[in-house]
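Trainee: I should like to request a close look at a single part of this model, namely the surroundings of one chosen residue. Please then place that residue beside other parts of the chain, in terms a first-year student can follow.

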Amino acid sequence: MGRAVTVATCALNQWALDFEGNLERILRSIGIAKSRGARYRLGPELEICGYGCSDHYYESDTLLHSFQVLAKLLESPATQDIICDVGMPVLHRNVRYNCRVIFLNKKILLIRPKISLANAGNYRELRWFTPWNKARHVEEYFLPRIIQEVTGQETVPFGDAVLATKDTCLGAEICEELWAPNSPHIEMGLDGVEIFTNSSGSHHVLRKAHARVDLVNSATAKNGGIYILANQKGCDGDRLYYDGCAMISVNGETVAQGSQFSLDDVEVLVATLDLEDVRSYRAEISSRNLAASKVSPYPRVKVNFALSCSDDVAVPTCMPIQWRHHSPEEEISLGPACWLWDYLRRSKQAGFLLPLSGGIDSSATACIVYSMCHQVCLAVKNGNADVLADARRIVNDETYVPEDPREFCKRIFTTCYMASENSSQDTCNRAKLLAEQIGSYHINLNIDAAVKAIVGIFSMVTGRTPHFSVYGGSSRENLALQNVQARIRMVLAYLFAQLTLWTRGMPGGLLVLGSANVDESLRGYLTKYDCSSADINPIGGISKTDLKNFIQYCIENFQLTALRSIMSAPPTAELEPLVDGQVAQTDEADMGMTYAELSIYGKLRKIAKAGPYSMFCKLINMWKEICTPREVASKVKHFFRMYSINRHKMTTLTPSYHAENYSPDDNRFDLRPFLYNTTWSWQFRCIDKQVNALYFLHGFTFKALAMG
């Protein structure tokens, strides 16, 4: 009858402008799909050139090399007898489009341009591409000669059309179109399209995976149909980690689920599905059928090919499964770890160096590296030849096999405790014990001589010697002396990263890891060009609250008992003198706000788009049981004053793994001025007027409780 169709989707670890590697991974995915009986293969968005090409999309070279790769794909025996759906940029009538190129047996069937472009948050597609605004319209596209020579075609259809095979009808969506309120699958489904495809370049954000899964399932729950989603995976050259999660859904239920985090460069899902399930599901939805009778038809490209066999009555089809979501702690353990592995192997460095202070943030960073080592050993154990080859190259040993995460960690991870006269023995011991438990190569050093030398130069030139406030110095002197320590640690971190392996008789250099969390960056509670200045930062998009939960996860899952004392200690910079040998300085006292409050400020500022006045209005209700309106006003003013004073630090923020939608990353995500009028006079006056109105006009009463 021709009712059981076998289709494939994939998650590929593509790399921007790595045309050779991208071609190899595409071909490998097609080969796997064919070997499992698939008659249609879907790949990620812009997979030929890699999604993250950014302004390289302006270059004619990017278009040329994409067509060269397409020619190789068309010529390959691997692409015969399977419909291949690949992504690349295409210039049509001097306008650049983000396209799907769908071909079969050396013939291009359709070039389908993207209709809704992603242009928020980390996405800037309107900078490089133009949306196709001609609904249900197809034009002739004149192929370049390099493709004509392979296909024998001069022109092919270009536009908003669907494919009609001998047994079904397929329609394409591209990433953002699934998220749009007027998604194409709605009208396509009403017009009889039974299989919807979506090629995505969707990145990881904590707690986001369920939203994508829900959207895919809901796309066919109301209208019936088969939905196939492909996604990029890995780090393709910037702050984002694309988190796979390829999936196939039928009539609102998931039937195939890909991994969200893995070190496999190529992952292919294949499912056999019954078209009659779609037809019978739709048959009883009268509202759907009434709407379908009035829908405007899509242009159909006829394809003399079937996704099913003629005699398939006995072919088993896939059944619904329950999607398993990772907890946020698992996401932190896996996502940044995979991102670090991609960055390490693609940068061709020999490992990482981390200034390990014995606090929560640097310890969480160390645990992520340790998790990466676990993932590498597990991948090698499962037969991943790519990971094994990369590990051998990184450690410069062609016979090496990583089996023990601690042993592998010793080879590729150096931790360094940089003590000063202001450091406590407790943090030194915590750092040392954690390093022993994860297996890192650990260094203890003292920076006092360097600090005294720097301050000595200043004193020699000016004739003045600054002092900490506990010794009678001003706040300016106190802050300057703290910053000298912090900046010297950055200089030493890079020196040891470059030469530590040299002292051990090993080749290569180390990448320096930063460990400032997203809340500290938002508040500006860091020294510009200190240890937060590094090559990359795996926790720069993660909140302090989530990091604490992650530390607890590591205690339970990695048996890192050293983390218990780290969890119980108050966060401190240890840059001011000790009092009776004990730390007197704490982060929250320095900041004038708690980390829990910072997370709330960050979400309101970025996600809720709240300025000072709107934030105050929201918080007087959120905190009405614990703060008076005047206290809320004071807290909001303090936050915005400190945020705006320190915003300039975001311009030099170390590239960080993007994990939160309230990240203050100035370079790509959170575009704001870095020179503010820090008095916020107009805004704060509006807050004051509202406070007075609440007290004197409306007679509001509020509980005035101390913050917990």
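Mentor: A residue is called buried when its relative accessible area is under 20%, exposed when that value is over 50%, and partly exposed in between. Please keep in mind throughout that this is a predicted model. The residue chosen is Ala 364, which is found in helix H11. Its relative accessibility is 0%, and Ala 364 therefore counts as buried.

What does Ala 364 touch, leaving aside residues up to four places away in sequence? Its partners are Leu 547, Phe 550 and Ile 551. A further relation in space concerns Ser 515: this residue is 151 residues from Ala 364 in sequence, yet the two C-alpha atoms are 8.2 Å apart.

The partners of Ala 364 lead to a pair of helices. Helix H11 covers residues 360-381 and helix H18 covers residues 544-557; their axes come within 10 Å and cross at roughly 55°. An angle from 35 to 65 degrees falls between roughly parallel and roughly perpendicular, and H11 and H18 are therefore oblique to each other. Their crossing is left-handed. On the H11 side, the contact is made by Ile 360, Asp 361, Ser 363, Ala 364, Cys 367 and Ile 368. On the H18 side, Lys 544, Leu 547, Lys 548, Phe 550, Ile 551 and Cys 554 take part. Ala 364 is thus one of the H11 residues in this contact, and Leu 547, Phe 550 and Ile 551, which it touches, are among the H18 residues there.

A second pair of helices may be set beside this one. Helix H15 (residues 448-462) and helix H16 (residues 475-503) have axes 10 Å apart and pack at an angle of about 125°. That angle makes H15 oblique to H16. Here the crossing is right-handed. Ala 450, Val 451, Ile 454 and Val 455 are the H15 residues in the contact, and they meet Leu 481, Val 484, Gln 485 and Ile 488 of H16.

Let us now turn to a residue in a loop. Val 401 is placed between helix H12 (385-395) and helix H13 (405-412). With a relative accessibility of 33%, Val 401 counts as partly exposed. Not counting residues up to four places away in sequence, Val 401 touches Val 380, Leu 388 and Arg 392. Between Val 401 and Val 303 there are 49 Å, C-alpha to C-alpha, for a separation of 98 residues in sequence.

Helix H2 shows how burial can be spread along one element. Why does its length agree with what a helix should span? It has 16 residues, numbered 60-75, which at 1.5 Å a residue should span 22 Å; the end C-alpha atoms are 23 Å apart, so the two values agree. Its buried residues are Thr 62, Leu 63, Ser 66, Phe 67, Val 69, Leu 70, Ala 71, Leu 73 and Leu 74. As a general rule, an α-helix has 3.6 residues a turn, so residues three or four places apart point the same way. The buried residues of H2 pack against several elements, including helix H1 (19-35), strand E3 (83-92), strand E4 (95-104) and helix H4 (145-151).

Two loop residues deserve attention for their backbone angles. Most residues other than glycine have a negative phi. Cys 245 is not a glycine, yet its phi is positive, at about 60°. Cys 245 lies in the loop between strand E12 (242-243) and strand E13 (247-250), and its relative accessibility of 3% makes it buried. Asn 251 also has a positive phi, near 50°. Asn 251 lies in the loop between E13 and strand E14 (253-257); at 13% relative accessibility it counts as buried.

Finally, consider helix H23, residues 629-646, whose 18 residues reach 26 Å from first C-alpha to last, close to the 26 Å expected. Among its buried residues are Val 632, Ala 633, Val 636, Phe 639, Phe 640 and Tyr 643. Ile 645 is also placed in H23, but at 39% relative accessibility it counts as partly exposed. The C-alpha atoms of Ile 645 and Tyr 676 are separated by 7.2 Å, although the two are 31 residues apart along the chain.

Terms used: Residues numbered from 1 in each chain as written. Predicted model: local features only at pLDDT ≥ 70, side-chain atom pairs only at ≥ 80, totals over all residues. Heavy atoms only, no water. Helix = DSSP H or I, 4+ residues; strand = E, 2+ residues; numbered from the N terminus. Expected span 1.5 Å × (residues − 1). Buried < 20%, exposed > 50% of the residue type's maximum accessible area, 1.4 Å probe, protein only. Contact = heavy atoms within 4.5 Å. Axes fitted to C-alpha atoms, helices over the stretch in contact; angles between N-to-C directions. Parallel < 35°, antiparallel > 145°, perpendicular 65-115°, else oblique. Left-handed = near helix turned anticlockwise from the far one by under 90°.
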